[in-house]
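Subject: Structure for your review

Dear colleague,

Please find below the sequence and structure that I would like to hand over to you. My notes on it follow directly afterwards.

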Amino acid sequence: MIKIQVEHLNLQYSDGKESLRDINMDIAANQITVVFGPAGGGKSSLLRVFNRLNDLADVKLISGKVILDDIDILDPRIDVTALRRKVGMVFARPVVLPMSIRSNLTYGLEISGEKRESELTEAVERSLRLSALWEEVKDRLNEPAVSLSGGQQQRLCLARSLVLKPEVILLDEPTSGLDPISTGKVEATLQELKEQYTIVLVPHSVQQAARVADSAAFFLQGELIEQGPGKELFIKPNDKRTEDYIMGRFG
Amino acid sequence: MRNKWTEFALNWLIKISGYSAIIFVGLIFFFLLREGLPTLGEVSIRNLLSPRWYPIEGYFGLLPLIGGSLLVTIGAALFSIPIGLCTAVFIAEVAPRWAREVLKPLVEILGGVPSVVLGFLGILILAPFLRRFLDIPTGLTALTGSILLGAIAVPTIVTVAEDALDSVPRSYRDASLALGATEWQTIWRVTLPAARSGVITAIMLGIGRAIGETMAVMMVTGNAPVLPVKLSSFFSPVRTMTATIAAEMGEVAKNSTHYHVLFFIGLVLFIISLGINIAASTAALRQRQRSERILS
Amino acid sequence: MNYFRRIGQLRANPNSSASRNLKQRLGFSFLFVMAILTVTPIFAIVIYILFKGLPAISWTFLTAFPTDGVKAGGIFPAIIGTFYLTIGTAIFSVPLGIGAAIYLSEYAPDSRWTRMIRIAIINLAGIPSVVYGLFGLGIFVIFLRFGTSILAGSLTLSIMTLPVIISTAEEALRAVPQSFRVVSISVGATRWQTIRRIVLPQSLPGIMTGVILGLERAAGETAPILFTAASFFLPRLPNSPLSPTMALPYHLFVISTQVPGMPVKIQYGTALVLIAFVLGMNLIATTIRSRARAHRQW
């Protein structure tokens with residue numbers, strides 16, 4: 001089943017950086033789709049289209065269609081805040097809000113109007129269990145979130161995105177600052193999560209891409225070069241440029 | 001969940017607050033014009049440019065007042081610029097960390113002392129001292145005013161200049177030292193020139209404060225509207241534009257010529273401070289643009 | 001002897017390392033003297049006023065009305081007057097100033113209009129205080145017919161205090177990391193929700209510091225209230241915002257320049273109370289600032 005359909009997407013920023021040119025791709029539901037490639041390829045920009053986060057940036061031109069569940073999310077008339085609750089995001093460096101662990105998680109619910117204590121508590125536990133952090137923090141939910149280690153903070157950010165029961169989770173180099181053990185934990189969590197969520201991931205290395213991808217898309221300088229099932233793309237890519245990048249000949 | 005209307009109203013309130021500064025500047029200008037411009041209809045230009053200020057008999061010569069302000073401000077500049085800059089250099093470049101943490105708050109405190117207190121001390125201590133020390137008839141002189149104004153301007157100069165010196169990138173200093181220069185040479189040949197626009201801003205803001213100061217000068221400059229022409233005028237009483245307004249406004253009849261002239265003086269002061277501030281902020285803007293270009 | 005030899009060395013070889021070091025040491029000493037010259041007056045002022053003013057301070061002095069003209073008794077109405085004016089200034093300038101700061105930090109685009117706002121703020125900051133007094137007289141006392149009143153004085157002082165509050169508040173708001181705002185938006189918050197729940201609370205200490213510093217200046221100013229609020233001697237405390245009031249800075253001004261035979265002790269006492277008020281606020285502001293820095297979660 002296709003969760004997101006991208007049709008002829010063009011994106012240009014005012015300063016000319018990180019543009020996207022005529023992107024056509026499908027993101028399948030309940031899979032991990034990996035978007036990889038060298039720096040400046042447009043991968044982060046693509047992710048930020050999916051939750052309309054690039055509304056905050058200086059976008060000169062955006063055209064095409066991005067259809068999520070039969071709705072074109074680029075349409076100016078849609079409710080962007082509702083979209084962002086449906087499409088969650090985890091950033092490269094863990095950014096915890098300057099509050100307690102618990103408040104970090106309930107923040108998203110509170111701003112959407114949820115006030116019932118029971119709902120909030122249940123959501124906190126559920127999301128922490130999902131991101132494999134519950135056992136480590138269940139006794140110190142009221143401590144400041146900054147007291148957690150880097151790996152824990154990142155998993156907290158993952159939990160924060162899960163609290164709102166999104167359908168799609170976007171992750172932009174989520175393990176780039178983490179040690180191998182924490183990285184492994186995050187990757188394992190993603191494998192479990194994909195049964196219920198659609199995951200789009202920008203990896204921080206080709207190796208990570210190869211480890212987790214169900215479907216992989218190679219981006220080079222704003223263009224989608226090729227997309228295919230993970231197992232096949234990394235072993236025998238169709239395009240020479242993809243092969244060169246995977247082999248480390250450039251990038 | 002905040003509904004759309006609350007959000008909309010709030011956004012508008014914030015936007016209005018943002019533009020309020022422009023509204024106020026406009027209002028002030030407008031009112032000064034409204035009450036001050038009639039002067040040009042009631043008093044001849046020749047009168048305004050004469051050296052006699054004696055409103056009771058219809059003499060509205062602004063020259064002594066402008067001269068008084070200028071004299072006192074120049075004097076203040078002569079005191080405050082060297083002392084202020086050297087202090088700023090000391091705090092930014094020479095003093096050890098712990099000394100900085102002590103000196104900066106102290107300078108801030110000096111900047112916070114109300115000018116009326118300084119004027120008060122000026123009357124009771126500085127003026128008699130100067131009278132005895134310099135053997136002059138009265139201690140209420142332009143010099144006294146300059147000293148006090150210098151004391152008022154110094155904190156502004158120190159704070160802004162120190163900030164400017166502090167934001168010179170370390171790499172400039174390191175490069176100079178690596179070439180074998182002493183710290184002293186680095187300060188005067190590299191750091192200070194690099195912070196030049198910020199330092200000029202500091203000086204202009206300090207001078208701006210000096211020109212606009214009212215109470216301290218009113219209390220110690222003797223309030224004699226005499227055109228200062230000789231060097232020795234420094235040691236005799238003068239009167240500034242600001243002191244004139246403060247001293248005489250209480251006694252004028254509304255809408256009399258005197259009233260209009262006082263507003264006119266206010267208008268002149270407004271325009272002067274506008275000029276200084278625009279010049280200072282253009283200098284600051286150029287400094288930021290230059291450093292952005294260099295560092296990018 | 002050594003000293004003269006070194007000076008000779010300096011003259012003979014001005015670029016040698018030894019002479020450069022000597023020059024540096026002399027130069028640093030000179031700067032040090034300048035700095036001391038700047039800082040000593042503060043100590044001198046505070047200590048001197050403390051010394052000469054303390055004898056005048058008593059419970060009566062602080063809580064009683066002036067007697068014998070103003071040559072004896074207390075300065076209670078002046079203290080209350082300054083208090084009222086400060087609160088009045090806060091009421092008008094704080095919401096407006098913080099609102100403007102929020103606009104500049106969170107909403108304003110990089111346009112010509114925004115630049116004009118900033119120029120306007122710089123100008124407001126530079127206008128001489130007596131010109132504010134004139135403006136206040138023209139618009140509040142006369143045009144709007146508030147008369148010489150706490151209301152007119154507070155409004156005048158508010159406009160004067162606005163630039164200080166706006167610039168410090170804006171700086172405090174900008175100091176909050178941008179990443180917080182991005183995260184907040186990414187979980188579906190609106191811009192105002194982000195400001196209200198994250199940006200504003202995190203910048204509150206910085207904003208408060210700026211507010212207190214601004215109010216401290218307003219409390220000490222005389223010229224703006226000369227024609228708009230201040231009255232020299234009132235037998236009763238002001239009973240409404242439309243009544244005139246006594247005020248500490250104005251009181252000090254009059255008793256030190258216009259009352260023959262004024263006891264010096266009371267003059268110093270009044271100056272001491274005024275300085276204590278102002279420095280007290282300064283201390284509060286600095287404490288808030290350093291405690292906030294220590295407790296920051298970012």
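B:Ser233 counts as partly exposed because it has 18 C-beta neighbours inside 10 Å, and a residue would need 20 or more to be buried. Please bear in mind that this is a predicted model. B:Ser233 belongs to the loop that links α11 (215-220) and α12 (241-248) of chain B. Leaving aside residues up to four places away in sequence, B:Ser233 touches B:Leu71, B:Ala142, B:Pro228 and B:Val238. One of these partners, B:Leu71, is 162 residues away from B:Ser233 along the chain, yet 8.7 Å separates the two C-alpha atoms.

Chain B as a whole

The chain that holds this loop contains 13 helices and 2 strands. Of its 296 residues, 51% count as buried. Among the contacts in chain B with a separation of 6 or more, 76% join residues that are 24 or more positions apart. Taken along the principal axes, the C-alpha atoms of chain B fill a box of roughly 70 × 70 × 35 Å.

Contacts between the chains

Chain B contributes 68 residues to its contact with chain C, and chain C contributes 67. On the side of chain B, helix α1 (residues 4-36) gives the most, with 19 residues. Divided by class, that side of chain B has 46 nonpolar, 17 polar and 5 charged residues.

Chain C also meets chain A: 16 residues of chain C are in contact with 18 residues of chain A. Two helices of chain C, α8 (178-186) and α9 (191-220), each supply at least two residues of the side that touches chain A. Of the elements on that side, α8(C) gives the most, with 6 residues. By class, the side of chain C that touches chain A has 8 nonpolar, 7 polar and 1 charged residues.

A helix crossing in chain C

Within chain C, helix α2 (residues 17-53) and helix α12 (residues 264-295) have axes that come within 8 Å and cross at roughly 130°. At that angle α2(C) is therefore oblique to α12(C). The crossing of α2(C) past α12(C) is left-handed. From α2(C), the contact is made by C:Val46, C:Ile49, C:Leu50, C:Lys52 and C:Gly53, and from α12(C) by C:Tyr268, C:Gly269, C:Ala271, C:Leu272 and C:Ile275. By class, this contact of α2(C) with α12(C) has 7 nonpolar, 2 polar and 1 charged residues.

The sheets of chain A

In chain A, an open sheet of 4 strands has the order β2-β1-β4-β5, with antiparallel pairing. Its edges are β2 (20-28) and β5, each with a single partner strand, so one side of each is left without a neighbour in the sheet. Inside this order, strand β1 (residues 2-13) and strand β4 (residues 59-68) of chain A are paired in the antiparallel sense over 8 bridges. A:Tyr13 stands opposite A:Val59 of β4(A).

Further along the sheet, β4(A) pairs with strand β5 (residues 71-72) of chain A over 2 bridges, again in the antiparallel sense. A:Leu68 has A:Ile71 of β5(A) as its bridge partner. The hairpin of β4(A) and β5(A) has 2 residues between the strands, and A:Asp69 takes a positive phi near 50° there. Helix α1 (residues 43-50) of chain A lies across β1, β2 and β4 of that chain, running at about 120° to β1(A).

Another open sheet of chain A has 6 strands in the order β6-β7-β8-β3-β9-β10, with mixed pairing. The edge strands here are β6 (87-90) and β10 (223-229), each of which pairs on one side only. On average, neighbouring strands of this sheet are turned by 15° against each other, direction ignored. β6(A) runs parallel to strand β7 (residues 168-172) of chain A, and 4 bridges join them. A:Val87 has A:Val168 of β7(A) as its bridge partner.

When you inspect the strands of either sheet, a general point may help: in a regular strand the side chains alternate between the two faces of the sheet.

With kind regards

Note on methods
Residues numbered from 1 in each chain as written. Chains lettered and ligands numbered in written order. Predicted model: local features only at pLDDT ≥ 70, side-chain atom pairs only at ≥ 80, totals over all residues. Pairing = 2+ DSSP bridges. Contact = placed C-beta atoms within 7 Å. Nonpolar A, V, L, I, M, F, W, Y, C, P; charged D, E, K, R; others polar. Axes fitted to C-alpha atoms, helices over the stretch in contact; angles between N-to-C directions. Parallel < 35°, antiparallel > 145°, perpendicular 65-115°, else oblique. Left-handed = near helix turned anticlockwise from the far one by under 90°. Buried ≥ 20, exposed ≤ 12 C-beta atoms within 10 Å, placed from the backbone.
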